[in-house]
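Thanks for coming. I will go through one model today, starting with its cysteines and then moving to rings and charges.

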Amino acid sequence: MEFYSSQINSLVEQLSKLPGIGAKSAQRLAFHILNMPEDQVAGLASAITSAKRNVRYCKECYTYTDNELCPVCSSPKRNHRQIMVVENPRDLAAYEKTGKYEGVYHVLHGAVSPMAGIGPQDIRLDELMVRLQGDIDEVIVATNKNLEGDTTATYISKLIKPLGIRVSRIASGVPAGGDLEYIDEVTLYKALEGRTDM
Ligand code: ZN
């Protein structure tokens, strides 16, 4: 049944493809957009297209950036000999919000999950190993505290230990099964401080 014109339907359809947006929310957003002043709509549309066009992976840590290097990797104030391995850029942002971590990061863009058919070759592990050929003191594995995150951590530790580089795992202050990005800053910092060697 067609209640709306085809252009409205198409807007609703595009919005409903976004994660967490069901048919009702898509409809609500579509009408919200239609009620916005034209310059705001243009601003939204151009922010989406220019982010998509210009944002790329940092060539060191593989987080998203619009420069060759992200702000963390390009900062001389950071300890470039300490690398924290996280699953995604949202986890990096969570640790940055603590304001307490002074090292750099490596973003895997996923975790090993045999159930989902995601193997070590599907995440940015090779890129991590290349970085470890430089002068590195410690790799802190801060993957999520769930089956996939733990599997990934064990795998990484087995790869790195023979290199003689310290490998540690964030402490279990992070609740089991917890996604890092939803955990408050104090808990994240405690998990980092209480990390143990693997
Ligand atoms: Zn970077």
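**Cysteines, rings and charges**

The structure holds zero disulfides, a disulfide being a pair of cysteine sulfur atoms within 2.5 Å. Before going on, the ground rules: this is a predicted model, in which local features need pLDDT of at least 70, side-chain atom pairs count only at pLDDT 80 or more, and totals for chains, interfaces and linings use all residues. Residues are numbered from 1 along each chain as its sequence is written, and side-chain values use heavy atoms, with hydrogens and water left out.

So what coordinates the zinc ion? Four sulfur atoms do, the SG atoms of Cys-58, Cys-61, Cys-70 and Cys-73, at 2.3 Å. Donors here are N, O and S atoms within 2.8 Å of the metal (3.2 Å for Na, K and Ca); water is not among the atoms, so sites may look incomplete. The angles subtended by the four donor atoms run from 105 to 119 degrees, which makes the arrangement tetrahedral. The rule for that label is four donors with all angles between 85 and 135 degrees.

Along the chain, the donors of the zinc ion follow the spacing C-x2-C-x8-C-x2-C. Cys-58 lies in the loop between strand E1 (56-57) and strand E2 (64-65), and Cys-73 in the loop between E2 and strand E3 (79-86), so this pair ties together parts that are 15 residues apart in sequence. Strands (E, at least two residues) and helices (H or I, at least four) are DSSP runs, numbered from the N terminus.

Are these cysteines buried or exposed? Cys-58 is buried, at a relative accessible area of 0%. Cys-70 is buried at 3% relative accessibility, and Cys-73 is buried at 8%. The cut-offs are under 20% relative accessible area for buried, over 50% for exposed, and partly exposed in between (1.4 Å probe, protein chains only).

Next, the rings. Rings of Phe, Tyr and Trp (its six-membered ring) pair if their centres lie within 6.5 Å; planes under 30 degrees apart count as stacked, over 60 as edge-to-face and the rest as tilted. By this rule the count comes to three aromatic pairs. One of them is Tyr-57 with Tyr-62, which is tilted, at 6.3 Å centre to centre and 50 degrees between the planes. Tyr-57 and Tyr-64 have ring centres 5.6 Å apart and planes at 20 degrees, so that pair is stacked. Tyr-57, Tyr-62 and Tyr-64 form one aromatic cluster. Within this cluster, Tyr-62 is buried at 17% relative accessibility, whereas Tyr-57 is partly exposed at 36% and Tyr-64 partly exposed at 46%.

Tyr-57 also has a charge over its ring: the charged end of Arg-124 sits there, 4.6 Å from the centre. The test is NZ of Lys or CZ of Arg within 6 Å of the ring centre and within 35 degrees of the ring normal. Lys-100 does likewise with Tyr-189, its charged end sitting over the ring at 4.7 Å from the centre. Lys-100 lies in the loop between helix H4 (89-98) and strand E4 (103-107), and is partly exposed at 48% relative accessibility.

Last, Arg-169, in strand E6 (residues 166-169). Arg-169 is buried, with a relative accessible area of 8%. What does its side chain contact? The side chain of Asp-150, in a polar contact of 2.7 Å. A polar atom of the Arg-169 side chain also lies 3.1 Å from the backbone oxygen of Asn-144. A polar contact is a pair of N or O atoms within 3.5 Å; within protein, one must be able to donate a hydrogen and the other to accept it, and residues adjacent in sequence count only if both atoms are side-chain atoms.

How values were computed:
Four donors count as tetrahedral if all angles lie between 85 and 135 degrees; four count as square planar and six as octahedral if opposite donors are over 155 degrees apart and all others between 65 and 115; anything else is irregular.
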